[in-house]
Each structure stands twice: as C-alpha cells, then as structure tokens.
Amino acid sequence: MKKSKKNIMTLLNPIFFFLFFFLLRFSIASQPLPRGYLLNCGATESTAKVTVGSLQYITDEGFISVGNTTKLLDPNLVPILSTLRYFPDKSARKYCYSIPVVKGGKYIVRTTYYYGGYDGGTVPPVFDQIVEGTKWSIVNTTDDYANGMSSYYEAVVVAMGKMMSVCLARNQHTDSSSSPFISALELEYLEDSVYNTTDFKNHALSLVARTSFGHDDDVIGFPDDAFNRQWHPFVDENPLVTCHANVTSSTFWNLPPAKAFNTALTTSRGKSLKVNWPPFSLPAAYYYVSLYFQDNRSPSPYSWRVFSVAVNGKNFFTNLNVTANGVSVYSAKWPLSGQTHLELIPADGVPVGPVINAAEILQVFRLSGRTLTRDVMAMEELARSFNNPPHDWSGDPCLPKDNSWTGVTCSDGKLARVVNLNLTNFGLSGALPSSINNLTALTHLWLGSNKLSGFIPEMGSLKELQTLHLEKNQFEGPIPRSLSKLPHIREIFLQNNDLKSKALEVLQKRGIHVEL
C-alpha cells in the first residue's frame with residue numbers, strides 16, 4: 001500500500017492548516033453532526049482551542065480513550081504541532097480514534113505528524129495507520145523530520161457506519177524503544193461529485209501528489225480550496241505562463257480551486273510538452289489520475305488549443321480541446337509504476353503549444369472488508385459493559401486481522417464474524433450484557449477468572465457455541481435455561497460464582513460437561 005505523504009513546513013504559516021468545516025465540540029449526540037473535525041492531538045481542555053486562520057482546532061479528548069499526551073517546547077512551531085498524543089502500551093494491537101460521521105458520507109481523512117524528539121530520541125518511529133479496518137499506509141516521517149518538516153497523509157474513504165475509526169498500530173519496523181504518535185487528525189466531508197467514479201464500496205484513495213503547475217509561491221489550500229486540499233507548487237525547465245481568465249470551480253466534478261488555474265506550464269508552438277510528474281518513483285499499482293487545463297489567454301474566439309495527452313507513452317486522451325473556461329480529464333484506475341512521464345502532443349496546425357495547470361494523483365487501495373454490523377454493535381456494547389476493557393477495544397473488532405481486539409478471533413472473508421472471545425484472567429469487572437446473544441457465530445466464550453457480576457444472560461441464539469467458561473467470577477442468579485438447548489455445547493464451566501442450579505440437571509442429562 002502506497003505511503004501517501006507530502007511535506008508541510010513547521011514554521012508558523014497558516015496556509016498549511018486551513019480547513020473548510022466549522023467544528024462543534026459539545027453535545028455531539030444531540031446536535032446535527034458537523035461536516036468535519038479538526039483535532040489538535042494531545043491538547044488539554046485548557047490549551048485545546050487553537051485558531052489557525054479563521055478555523056479552530058479542538059482537543060482530541062473524547063474521541064480516543066488511550067495514549068499519553070505531551071507538549072513540545074519549540075516556540076517556532078505551529079500551535080497544532082506543539083502537542084501530540086503517543087501510545088506506549090506495547091500490548092495493544094491498535095490505538096483508535098472513533099469519530100461521529102454521516103453513514104455513507106465521503107470524507108478526506110488527514111493525519112499530521114511532527115516528532116519533535118518528544119521521547120528523547122533523534123529518529124521518529126515507523127508504524128501503520130488504519131482507516132475503517134483497512135491498513136492504509138506506513139507512517140515514516142524520518143526524512144521530513146531530518147529536514148525540519150512535518151508530514152501529512154491523506155485518504156478519501158466512505159463511512160461504513162455512524163462512527164469512523166482511524167487507528168495507529170505498531171508493525172515490524174516500530175522500534176521497541178519508541179511509540180506511535182500523532183499531532184493532528186482532520187476529517188472533511190466531501191461533496192458527492194468529488195472523485196465520484198471511484199468504487200468506494202470496495203476501495204479508498206490515498207493521496208500521492210496534488211500540484212499546481214507553474215506556481216512557485218505558497219501551497220494553495222483553504223479558503224481557495226473549499227476542502228482544504230493542499231495544492232503544492234511545481235516548476236521545471238518548461239516555460240511558465242500566467243492565465244488571464246477565471247474558471248468556475250463548480251463546473252468541475254472535483255471542485256478544484258480556481259487559484260490552481262492561475263499559472264501553467266507550456267511550450268512553444270508545434271512542440272510536445274513533457275513533464276516528469278510526480279517527481280518521484282511510484283510502486284506498481286492502480287491510481288486515480290486527474291489533470292486540469294486552461295487556455296491561458298484572454299477569452300476570445302481564438303483562445304483555444306487542441307492536443308492529446310499520453311501517460312508513460314500510453315494514450316490518456318485524444319484531441320482534447322482546451323479553452324479559457326478550463327477542462328479536466330481523468331482516469332479512475334490507471335496503472336502506473338516507476339517514474340511517471342506526462343506528454344502533451346499538439347494537434348497539427350494549432351498556433352500555440354500545449355498547457356497544463358494542475359493535477360492530482362491518488363493511489364487506489366482495496367478495503368479489507370468489514371465486520372458484520374450486528375457483531376460490531378454487540379462487541380461495542382460488551383466494551384461499554386466492562387469497566388476496564390483492553391486498551392485496544394475500539395475501532396473494528398476484527399479488522400485488520402493482525403490488529404483485531406485483544407482476545408478476539410474472527411472468521412476470514414469479506415464479512416468477518418466474531419468466533420472466539422477469550423479474556424481469561426484479564427481483571428475485568430462489570431457485567432455480561434444481553435447483547436452477547438447477538439454474536440451468533442461465537443464458538444468459544446471464555447471470560448473466567450475475572451470479577452464480572454450480575455446475572456448471566458440468555459444465550460439461546462448462540463447456536464455455534466461449543467465451550468463456555470465463566471468460572472471464578474461474581475455472577476449470581478439462575479443458570480440460563482437456554483444453555484441446555486444449544487446444539488453444539490459440550491462444556492460449561494460456572495464454578496466459583498453464586499448461581500442457582502435449577503438447569504444443571506437438564507444440562508447433565510444431555511451429557512454436557514458442567515463444572516458448577
């Protein structure tokens with residue numbers, strides 16, 4: 001999976017951090033959902049509200065329940081880079097933010113990292129980031145940090161439910177002496193038309209590059225881009241031109257900022273325009289590619305030019321007619337590998353050379369599936385019923401498979417199911433909720449040697465259950481009669497509780513091994 005990374009200066013420059021959406025901090029459940037969130041990770045309530053430009057970042061408290069926070073002492077840092085949250089618990093399989101979203105809504109997810117030597121080290125840790133249960137990319141900010149810069153990563157994903165999970169996780173590259181960390185997390189709601197040819201039911205997009213050609217000034221962001229997408233300047237040996245007509249952003253599906261059309265690369269009449277972009281090698285994969293063009297002359301009947309577009313020698317679009325109104329061409333799934341070469345080939349007799357104003361490229365990556373919604377809801381209710389669940393009990397219970405919740409084993413396949421739950425001797429307290437009955441694929445339920453209390457709920461729907469271990473807890477009341485009707489149950493351990501044994505005889509008559 002391609003790492004989608006761009007650099008942002010750590011000096012106080014607001015253009016890097018503007019965002020379109022105003023945030024609501026309180027009463028999330030009772031008020032309409034905000035169209036986006038800007039989270040200043042690691043900030044406390046007293047230092048949380050950081051205004052960058054006209055927009056306000058808020059603390060990440062309430063969106064995550066694990067991790068430690070710290071403040072960097074460098075006075076030259078942008079405020080949202082001066083705090084971070086880090087995750088030293090090596091036993092946790094992942095560390096997840098859970099953010100309210102509109103189910104089916106399309107979002108940009110942007111994560112920002114600035115190490116700052118918070119742990120006394122000199123090299124940032126390397127780790128994974130996960131969105132909606134899919135490993136999205138590896139976070140490696142080493143080169144940026146060595147150059148005094150922070151890094152950001154960006155994905156475009158459709159929310160599968162009413163909460164979106166964004167997680168960090170250790171991997172084989174994470175040094176044992178370091179911990180994953182994060183400086184800022186942003187979610188931005190996108191209009192339906194943006195990148196709408198992508199199959200978001202099965203895929204997501206990861207940013208590789210977003211560029212304004214011929215532009216050698218600051219990065220273009222909000223308010224020019226309504227979604228705070230960052231359009232980075234790019235110049236090479238080709239001639240630069242300034243455009244003399246304004247485009248209307250709303251006429252383009254992806255709603256690019258009009259400012260991205262202000263400059264362009266071009267060449268002289270009769271010549272092909274050749275650009276090596278992005279300026280780094282790409283891994284072999286499929287990519288969403290969108291290119292933007294505008295005739296740079298003042299609008300008139302003569303302000304047009306025709307040329308064809310090739311990418312790595314393959315035809316991308318033939319005889320494109322570019323006028324002062326602007327035009328874009330795209331491919332939702334274009335194969336690329338290595339250095340990418342763009343070539344714009346003029347049509348015969350056209351009096352001016354080709355021109356290119358802006359471009360985007362995002363890697364298409366496949367989602368790893370999802371966990372059955374009923375299982376997710378049951379596991380979330382179970383986590384709420386425990387007073388002290390494992391620290392990684394947030395996000396998707398099953399996915400990614402290597403980062404499932406501690407004690408949870410799930411089935412393979414595109415729709416994962418919870419099949420085993422083993423939290424023996426985890427020091428748990430709280431209750432066993434009735435929603436456990438919704439985990440209908442469960443084969444083994446082991447919660448022995450804890451401090452769980454209350455009644456044992458009915459489990460008549462757990463038709464696949466084979467073993468049940470609830471011994472050495474503080475349960476009371478009757479043994480559920482439904483246990484005697486489970487077709488595959490073969491052993492039940494309930495000893496060292498305060499239970500009434502009216503159902504014991506029925507269980508023993510079926511030959512089920514029962515310890516009471």
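Two strands count as paired if DSSP finds at least two bridges between them. Keep that in mind as we look around this model, which is predicted.

**The whole protein**

Let's start with the big picture. The protein has three helices and 38 strands. Of its 516 residues, 58% are buried. If you take the contacts with a separation of 6 or more, 68% of them link residues 24 or more positions apart. The protein exposes about 21300 Å², and carbon and sulfur atoms supply 51% of that area.

**A parallel sheet of four strands**

Strands of a sheet pair through backbone hydrogen bonds, either parallel or antiparallel. Here is a parallel case: four strands form an open sheet in the order S31-S33-S35-S37. Strand S31 (429-431) and strand S37 (498-500) stand at the edges with a single partner strand each, so one side of each has no neighbour in the sheet. On average, and ignoring direction, neighbouring strands in this sheet are turned by 20° against each other.

Zoom in on one edge. S31 pairs with strand S33 (residues 451-455) in the parallel sense, over three bridges. Which residue of S33 stands opposite Gly430? Look for Leu452.

**A helix that packs against strands**

Now find helix H2 (residues 373-385). With 13 residues at 1.5 Å a residue, H2 should span 18 Å, and its end C-alpha atoms are 18 Å apart, so the two values agree. H2 has several buried residues: Asp375, Val376, Ala378, Met379, Leu382, Ala383 and Ser385. What do the buried residues of H2 pack against? The answer is strand S27 (370-371), strand S28 (408-410), strand S30 (418-422) and S31. That brings us back to S31, the edge strand of the sheet above.

**Gln129, a buried residue in a strand**

Gln129 sits in strand S9. Is Gln129 buried or exposed? Its relative accessibility is 0%, so Gln129 counts as buried. Not counting residues up to four places away in sequence, Gln129 touches a list of residues including Tyr113, Trp136, Tyr153 and Leu168. Thr111 is also one of the residues it touches, and the side chains of Gln129 and Thr111 are joined by a polar contact of 2.9 Å. Cys167 is another residue that Gln129 touches. Gln129 and Cys167 are 38 residues apart in sequence, but 5.6 Å apart in space, C-alpha to C-alpha.

**Unusual backbone spots in loops**

Some backbone angles are worth a look too. Here are two cis peptide bonds and where to find them:

| Cis peptide bond | Omega | Place of the proline |
|---|---|---|
| Phe222 to Pro223 | about 10° | loop between strand S15 (203-213) and strand S16 (232-234) |
| Trp277 to Pro278 | near -5° | loop between strand S19 (273-276) and strand S20 (282-293) |

Next come residues with a positive phi. Glu132 has phi near 50°, a positive value in a residue other than glycine. You'll find Glu132 in the loop between strand S9 (127-131) and strand S10 (134-139), and S9 is the strand that holds Gln129. At 6% relative accessibility, which is under the 20% cut-off, Glu132 counts as buried.

Asn312 is not a glycine either, yet its phi is positive, at about 55°. Asn312 lies in the loop between strand S21 (304-311) and strand S22 (314-323). Its relative accessibility is 29%, so Asn312 counts as partly exposed.

Definitions and conventions: Residues numbered from 1 in each chain as written. Predicted model: local features only at pLDDT ≥ 70, side-chain atom pairs only at ≥ 80, totals over all residues. Heavy atoms only, no water. Helix = DSSP H or I, 4+ residues; strand = E, 2+ residues; numbered from the N terminus. Axes fitted to C-alpha atoms, helices over the stretch in contact; angles between N-to-C directions. Buried < 20%, exposed > 50% of the residue type's maximum accessible area, 1.4 Å probe, protein only. Expected span 1.5 Å × (residues − 1). Contact = heavy atoms within 4.5 Å. Areas by Shrake-Rupley, 256 points an atom, 1.4 Å probe, with all protein chains shown as cover. Polar contact = N/O pair within 3.5 Å; in protein donor to acceptor, adjacent residues only side chain to side chain.
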